[in-house]
Amino acid sequence: MSERAEAHHAHRDVTGGWLRPSVFGAMDGLVSNFALIAGVAGGTANPRVVALGGVAGLAAGALSMAGGEYVSVASQRELAQAEIAAEQRELAHHPEDEQAELAQTFVDKGVAPDLAAEVARQISQNPERALEVHSRNELGVVPGELPSPVVAAVSSFLSFAVGAALPLLPYLFGARELVISAAVSCCALFAAGALVSAVTARTWWYSGLRQLLVGAVAAAVTFSVGNAIGAAGL
């Protein structure tokens, strides 16, 4: 195997529109519905009321997450498209200026001026490639690789629903006490955090404990609030 081949390695996709909403949606669904169920359980001992609150939290949260992700990613995509269109107009009306600007970006990265000018000239001969390079250098985006609002919305909806269902399932299967839901939720929180470590630089136990702590604190606070309201008879 040559030295060139050994130096090559593949990278994971870090620009797709599904990973962030999926991870965020699952975590948010699990934490928020666990906290909601804990809050309701703190105020009432009726498991049907707790289950109803959990179902409502799942439905409302999943729809809210999906809608928010769709609007957010669509707005981001539209802004990027507008800037790319502006860059395309500049390339069409001021090609020499844009070529000089591109050459300067290479010089700023340490390329010799003569070589930078030649590279910019060759790139500028292909309008599509020139637009791609200018967009990447100046905007940090690639015209054909913008995130999809539909993918983000669907990913967020499904992942939130899965996360929110976990603390709810014990009640749907007949549980009458919060302790069972809490045990399932804590295990899921740790597992979800540990799973995230597969796409980050953190160790599995650190990510797991961090997520468990966040969810446990949220549930404890809402349980205390629900318990105080229930004790007051409000």
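Two residues count as being in contact when their heavy atoms come within 4.5 Å. With that in hand, helix α4 is a good place to start in this predicted model. The buried residues of α4 pack against three other helices: α3 (47-93), α5 (113-124) and α6 (127-139).

Helix α4 itself covers residues 95-108, which makes 14 residues. From its first C-alpha to its last it reaches 20 Å, close to the 20 Å expected at 1.5 Å a residue. Its buried residues are Glu-98, Leu-102, Ala-103, Thr-105 and Phe-106. Looking down the axis of α4, these buried residues fall within an arc of 155 degrees, so they line one face of the helix. The general geometry helps here: an α-helix has 3.6 residues a turn, so residues three or four places apart point the same way. Over on the other side of α4, Glu-96, Asp-97 and Asp-108 are exposed. After the helix comes Gly-110, and its phi is positive, near 105 degrees.

Next, the nonpolar cores. The largest one has 22 residues, and the members that touch the most others are Ile-37, Leu-58, Tyr-171 and Leu-178. Helices α2 (19-43), α3, α7 (149-172) and α8 (178-196) each put at least two residues into this core. Leaving aside residues up to four places away in sequence, Leu-58 touches Asn-33, Phe-160, Ala-161, Ala-164, Ala-165 and Leu-168. Another core lies apart from the largest one; it has eight residues, including Leu-102, Ala-103, Ala-120 and Ala-130. Two of those names are already familiar from α4, where Leu-102 and Ala-103 are buried.

Further along the chain, Gln-211 sits in helix α9 (residues 204-232). This glutamine is buried, with a relative accessible area of 15%, which puts it below the 20% cut-off for that label. Its contacts, again not counting residues up to four places away in sequence, are Met-27, Val-31, Leu-189 and Gly-193.

That leaves the cysteines. The count of disulfides comes to zero. A disulfide would need two cysteine sulfur atoms within 2.5 Å, but the sulfur of Cys-186 is 7.1 Å from the closest cysteine sulfur, in Cys-187, and that is too far for a bond. Cys-187, likewise, is in no disulfide. As for surroundings, Cys-186 is partly exposed, at a relative accessible area of 28%, whereas Cys-187 counts as exposed, at 56%.

Terms used: Residues numbered from 1 in each chain as written. Predicted model: local features only at pLDDT ≥ 70, side-chain atom pairs only at ≥ 80, totals over all residues. Heavy atoms only, no water. Helix = DSSP H or I, 4+ residues; strand = E, 2+ residues; numbered from the N terminus. Expected span 1.5 Å × (residues − 1). Buried < 20%, exposed > 50% of the residue type's maximum accessible area, 1.4 Å probe, protein only. Arc of directions from axis to C-beta. Core = buried A, V, L, I, M, F, W, Y, C linked by side-chain atoms within 4.5 Å.
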